[in-house]
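User: Please take a close look at one chain for me. I want its sheets, its odd loop residues and its contact with its partner.

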Amino acid sequence: MTATTTGVGPARTGPARSGVPAGLRRLAPRPALLAASTAAVAVALVPLVYLGVRTAEAGADRIAAELWTSRVGLLALRSLALAAVVTAACVLIGVGAAWLVTRTDLPGRRLFAVLAALPLAVPTYIAAFAWVSTVDRLEGFWPAALVLTLCSYPYVFLPVAAALHGADPAQEEVSRSLGRGGWRTFTDVTLRQIRPATAAGALLVALYVLSDFGAVSILRADTFTRAIFIAFDLGFDRTGALVLSCVLVALTVLLLGGETLTRRRGARYARLGGARRPPLRLRLGAARWPALAALVGVAALALGVPAVSLARRLAAGVSRPGALTEVLAAAGNSLTFSLAGAALTMLLALPLGLLTARAPGPLATALDRLAYLAHALPGVVIGLSLIFFGITVAYPLYQTRWLLALAYATLFLPLAVGAVAGAAGQAPPGLEEVARSLGRGPWTVLRTVTLPLTLPGIGAGAALVFLTGMKELPATLLLRPTGTDTLATELWTNTAVGAYAAAAPYAALLVAISAVPTWLLVARSGLLEKEDRR
Amino acid sequence: MSEVGLTGVVKRYGAVTALAGVDLTVPAGALTAVLGPSGCGKTTLLRCLAGFERLDAGEIRVDGRTVAGGGRHVPAHRRRIAVVPQEGALFPHLSVAANVGYGLDRSARRGERVDEVLALVGLAGYGDRMPHQLSGGQQQRVAVARALAPRPSLVLLDEPFSALDAGLRAGLRHDIRAALRADGATGVLVTHDQGEALSVADRVVVLRTGRVVQAGTPSEVYREPADPWVAGFVGEAVLLPAVAEAGRAATPLGLLPIAGGVPDGPVTVLVRPEQVRVVPGGSSGAVAATVLRHDFHGHDALVALRLADGTRVTARVWDPGEPVPVGVEVAVAVAGAARAWPAQPSGAPVPAVMIG
C-alpha cells in the first residue's frame, strides 16, 4: 500500500531556499507542494469532518440511544465476522494460487495468472446478481461470504504473486544449503518474504468487505452498509444513519491501526543488488492434477457462474422496446461521471504523489495516511455525508456531477497518489539534475525529461480511477443527479425489482469495460513476462 | 578550458557540516581527483560545484566569474558544468544519439559533434541504440560523451566507475581519461578509490571531514603525504613510533634517514612496504624478523613480519617465486629515506580510515 520510489544519485536533502530558516526547511521541504498536498487531503477529508460535525449536533443522549442497542452490536459482530471469514478465505486462495503460478511447473500457469486476477473486473453486485439469478433463494451470511471471497481474492493474489515473482531466489537457496528442506524453506523463508504483500492484500480485502454495499444488499446479509442505506433511504432516519456510519468509521480505523502495528514490526525486504534470476520451480508431478482442479474450480465459480448467468439472460433477449438507447444513455452517464471524477482525483493527487516521491518525511507520510483513511470509508458513508454537505454548505454543487466527482476523488485518491508517486520514481531527481547540468532550464527539463517519463504512469493511474469510478455503486446511487442513471445504478434498480433480464446488458457492458484495467494490472505486475531468458 | 577556484566553501545540512571551508583550485585542461572516505563531503562538493546546492559561505569562481557566493547563485543550467553521475543516469526514453545531443542546440545536434564524442568514448555507430540495450560500461561511456558534447567549462565525474567490475573499470577509466584529454576538457573526478585517483588524475585533492588535507600530484600525495592519516589512506603504510635526531630516526627497523626536515624528538615514521626488503642475513643495518603471513598477489606479494620487539611490519616482495615459509626467520632492511611527522601528543590517535 505504500508507494515506493527509486532514486538515482544522492538523496535530496532539501533544496536550500534563501530566506527560509534552516529548521523550517528541514521540517517542510517544498513548501508549495506541501501546501497543495494539504489542500488536497483537506478536500478528501470533507466527508469525514462533516460526518463528525453532523453526528455531534444530534446530542449525546440521542447518539447513546441509537448506539447502545443490541441491533448495533449484532451488526458490528456480523460485519466483523464477515470481514474475518472472507479475509481468511482470500488469503488461502490468493497465496495458494500465487504460489502455484509463480513457483511450480503447473501447466498453463500464465493463463491461470490472468484467470486468477480477472474476478477484479466483476463488481460484487454483479457477481451477487449472477448467483441470485442462478440459484433460487440464495441469501444470508454464507452466500455473501462466498461471493465476496470470489470477487476479492485477487487483492491478495496480485501483490503476493508480484512479490513471489520478484523475491530473491538466493535467500531460498541459502536456506536449502543450510540444511532446511523444501517445506521448511517455504514456511521459514518464502512465507516471510511475502508477508508484507500478504498483509497489505488482506487489509484491502477486509476494508473492501466492510465497505461493500452491492453484494450484501442483493444477498440480504445484514451488515452496517446495508443498515445505513436502509435507515437513510426508507425512513430518512438521519441520526440513525449518521451514528451507524460513525461506528463503521471506527471499525475501519481499528483495522487500519492494526495493520500499521504489524507493519512496524515487519522489516523491509531489500534485494542486495545483482541481476534477477528466475526462481527454481517445484516439480508437481502427480500433484498437478488436484492443483489444476483447484484453480479451475475457483475460476469456474468466480468467472464461470457470472459469465454463464449473464449470457443466459442476454440470450433471453431484452424484453422492452427502446432498451438499447437506455443502456447507451446509462453508459454515457457512467463515462461522463467517471471522467469528471478521474479529472478531479488526478488534480488532487498530483501534488501529494510528487510530495511522497520527492520529499518523503513524516509530514508526507501523515498526509498519505489521512488520504487512505478517506479511501477506507464505505461509499455509503461518503455519499451520505456529501448529501448533507451539499444541502447545507455547497448547495450549488448539490445534484450536479461535481458532487459525485468529489465523492470519487475522496474514495479513489490513494489509488491516484500511488500511481503518481510510482510515475515520479520513473524520473528520479538525478536525471533532472543531469539535464540541468547540460544547460537546460527548468521548463525544458520538465518538457523533455520529466513529462515523457511520468505521463504513462500518471495516465495509467487516471485510467484506473476512471474505471473504478464506473464500478462504484453506493455513492453513485446517493449522489447522482435525480433522474440520471449510470450502468451501475440501472443494474441495481433492475435487480432490486427482480428484473434480471433487463439488468443483464448493463452488467455485461460493465464487466467488459472493467476487464481493461484488470488486464493493465496483470500486465504491469510482470507475471506475463516470458521467463526463459537462459 | 577553464580554471575553477573555490575559497572557504561551507555547506551545512542542519547540524551536520558537510563542507567546513574548502579552498581548492582546479587547473584548466587537467583532471583533478577529489579523494576521500565515505562521508567526507566529496559528493556535496560536487553538488555545490554543479549548482544543485547553495553554499552557506564561501565562493566558487569559473574563469574568474563568480558562480556562487556573495549572494549570487548561478542556477545549474547556466553554469556550463556537466555531471556524469554514479549510475550514468541516461535518459531512458531517448536513443544514445539523442542522449548525447541533449545538451546541444538544434543546429549542433544535426552536426558532427554527436558522432565525434561517441567516437571519443569508443562507441562510434551506437547512436541508434536505446540505453537499456547497452551494458553498464557502455552506459557510462555514453554518459561521459553526453557530458562532453556541449564543451562545458567543467566535467564532474561522481564515482562513475564504482558500479562496474574491476576488469572493466581499469580499461574504462583510462579510455575516459584519454577522451577528456583529447577534448581538452577540464575534469573533476570524485572517488574513494585511491588506486583510481592516483592512476588517472593529474592532481589529487584529499578531503577529510569537509576539509582539504592535501592537494598535489599523485606522486607527491603518495611520497610526501601531509600526515600519517593521508599516508595510510592513499596506500599501504608501515607507521612506526621513533625518536628523531639530526635527520635520522631510531626505529625498530633500525636507524633510518628522514626525507624532508623534522624537529628532533618523538616522531611517527612512515615506511612504504616496497621499501622494506628481505636481505641475506648479516647485511649491514638489517634486523631480524619472523614471517607471519604471505599474501600472494601475482605480480608481487605482501609479507607480514614480526620484529624482535614485537612490532609488526609489512614488506612488498617483487617476483616472489617461491613463497617465504611462515614461521621462518629472515633479515630485513629499509631502502631509501623515510618520512616522519612530530608524534601526536600521547593518547591522540591517528584518525581511523573509513573505506566505503
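Analyst: Here is a walk through chain B, from its overall make-up to its side facing chain A. The model is predicted: local features need pLDDT of at least 70, side-chain atom pairs count only at pLDDT 80 or more, and totals for chains, interfaces and linings use all residues. Residues are numbered from 1 along each chain as its sequence is written, while chains are lettered from A and ligands numbered from 1 in the order in which they are written.

Start with the inventory. Chain B has nine helices and 21 strands. Both are DSSP runs, numbered from the N terminus (helices are H or I, at least four residues; strands are E, at least two). Of the 356 residues of chain B, 41% count as buried. Buried is 20 or more other C-beta atoms within 10 Å of a residue's own, exposed is 12 or fewer, and partly exposed is in between, with C-beta atoms placed from the backbone. Now take the contacts in chain B with a separation of 6 or more: 67% of them join residues 24 or more positions apart. Contact means C-beta atoms, placed from the backbone, within 7 Å.

Next, a sheet early in the chain. Five strands of chain B make an open sheet, ordered S2-S1-S4-S5-S6, with antiparallel pairing. Strands pair if DSSP finds at least two bridges between them. At the edges sit S2 (16–26) and S6 (72–73) of chain B, and each pairs on one side only. Look at the S6(B) end. Strand S5 (residues 65–69) of chain B runs antiparallel to S6(B), and two bridges join them. In one bridge, Gly69(B) has Arg72(B) of S6(B) as its partner.

A helix lies across this sheet. Helix H1 (residues 42–50) of chain B crosses S1 (4–13), S2, S4 (57–62) and S5 of chain B. H1(B) runs at about 65 degrees to S2(B). Such angles run from 0 to 180 degrees between N-to-C directions, using lines fitted to C-alpha atoms, for helices over the stretch in contact.

Keep going past S6(B). The loop between S6 and S7 (81–84) of chain B holds Arg80(B). Arg80(B) has a positive phi of about 60 degrees, although it is not a glycine. Most residues other than glycine have a negative phi. Arg80(B) counts as buried because it has 20 C-beta neighbours inside 10 Å.

A second loop residue makes a good companion. Glu159(B) is not a glycine, yet its phi is positive, at about 40 degrees. Glu159(B) sits in the loop between strand S8 (154–158) and helix H6 (166–182) of chain B. It has 19 C-beta neighbours inside 10 Å, so Glu159(B) counts as partly exposed.

Now move to another open sheet. Five strands of chain B form it in the order S16-S20-S17-S18-S19, and the pairing is antiparallel. Its edge strands are S16 (276–279) and S19 (312–318) of chain B, each paired on one side only. On average, neighbouring strands here are turned by 50 degrees against each other, direction ignored. Inside the sheet, S17 (residues 287–296) and S18 (residues 300–307) of chain B pair antiparallel over seven bridges. Find Ala289(B): it stands opposite Leu307(B) in S18(B).

Finish with the partner. In the contact between the chains, 24 residues of chain B meet 22 residues of chain A. On the chain A side, H1 (22–27), H21 (429–437) and H22 (442–471) each supply at least two residues. H21(A) gives the largest share of that side, seven residues.

Methods
Two residues are in contact if their C-beta atoms, placed from the backbone, lie within 7 Å.
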